[in-house]
Amino acid sequence: MAIVGAEYCDPEERVLTVRKTSHFSPGDGFAAYDHRTGGLAFRADTYSRGHGGGAASAGELALLGPAGEPLLTVRRRRPSLHQRWEGFLGARAGGQKPLFSARRSSILGGAAAGAVVELLPPPSSSPPPGAAPELLRVDGSFARRCCRVVAAPRAEGEKAKLVAEIRRKVDEGTRVVMGRDVFVLKVSPGFDAAFAMGIVLVLDQIAGEEPGADDAGADALDAKI
């Protein structure tokens, strides 16, 4: 499923080690490293304090490639009861239509409430009448680094499909579970890894604004699929 680009869709499962690079506020920065090569695959920054760089304007989050090329721009849509976010391809330009929309699953909140991501049709096309939107569901708790991204069925008889998973990082030498600032993003074969990282940016913002996020449970995760 190519969303940002076919070059980010690996025919095999792709595993990224994601590190939070700043602790001042949610989403300040991430660096994602490819498990196979050890090289930098993506990095993400926010410019809420008016910094320059990849984001189009203050308060937006930029997902960048290893050379600093802009892949996605994410911003919060205001006003929004559900903490709705929008994602744009590349560095967002004025008047550009969003590529996707994301929101909390429940207006009641809670760090384990999950999220819903809707892929939006390109401006040049319109979906057939009666066609179901392409939805992705996030089940579990991102705050605890224990959640799954599932593609919802679009037709009768289809089953939900796991496209990405976030888990705590375990040190391979000591078998010790590492802190929440380092975690693993597993991307299923054929799914867009850059888009999966875009979802991580939104989830980090949502989780960071929830009271008691670090204490949230994820007991219902395994019952979702």
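**Overall fold, nonpolar core and the strand β10**

Among the contacts in the protein with a separation of 6 or more, 43% are accounted for by residues 24 or more positions apart. The model under analysis is a predicted one, and its secondary structure comprises one helix and twelve strands, which run from the N terminus in the order β-β-β-β-β-β-β-β-β-β-β-β-α. Of the 225 residues in the protein, 46% are buried, while the exposed surface amounts to about 11100 Å², of which carbon and sulfur atoms supply 52%.

In soluble globular proteins, nonpolar side chains tend to be buried together. In the present model, the largest nonpolar core has 48 residues, and those with the most contacts inside it are Phe42, Leu63, Phe100, Leu136, Leu185, Phe195 and Met197. The element that gives the most to this core is helix α1, spanning residues 193-208, with twelve residues. The surroundings of Leu63 were examined with residues up to four places away in sequence left out of the count; on this basis Leu63 touches Phe42, Arg43 and Ala44, the run Glu69, Pro70, Leu71 and Leu72, and also Ala194, Met197, Gly198 and Leu201.

Strand β10, which covers residues 146-151, is largely enclosed by the rest of the structure, because six of its six residues are buried. Cys146, Arg148 and Val150 point one way from β10, whereas Cys147, Val149 and Ala151 point the other way, and burial extends to all of these residues. On one side of the pairing scheme, strand β9 (residues 134-141) is joined to β10 by six bridges, the two strands running antiparallel, and within this arrangement Val138 of β9 stands opposite Val149 in β10. The hairpin formed by β9 and β10 has four residues between the strands, and Arg145 takes a positive phi near 55° there. Strand β10 also pairs with strand β11 (residues 161-168), again in the antiparallel sense, over five bridges, with Lys161 in β11 as the bridge partner of Ala151.

The cysteines of β10 were considered further with respect to cross-linking. A search of the whole structure finds zero disulfides; Cys147 is accordingly in no disulfide, and the nearest cysteine sulfur, that of Cys146, lies 7.3 Å away. With a relative accessibility of 1%, Cys147 falls under the 20% cut-off and therefore counts as buried.

Notes. Residues are numbered from 1 along each chain as its sequence is written. This is a predicted model: local features need pLDDT of at least 70, side-chain atom pairs count only at pLDDT 80 or more; totals for chains, interfaces and linings use all residues. Side-chain values use heavy atoms; hydrogens and water are left out. A nonpolar core is a set of buried Ala, Val, Leu, Ile, Met, Phe, Trp, Tyr and Cys residues joined through side-chain atoms within 4.5 Å. Buried means under 20% relative accessible area, exposed over 50%, partly exposed in between (1.4 Å probe, protein chains only). Contact means heavy atoms within 4.5 Å. Two strands pair if DSSP finds at least two bridges between them. A disulfide is a pair of cysteine sulfur atoms within 2.5 Å. Accessible areas come from the Shrake-Rupley method with a 1.4 Å probe; for residues, only the protein chains shown count as cover.
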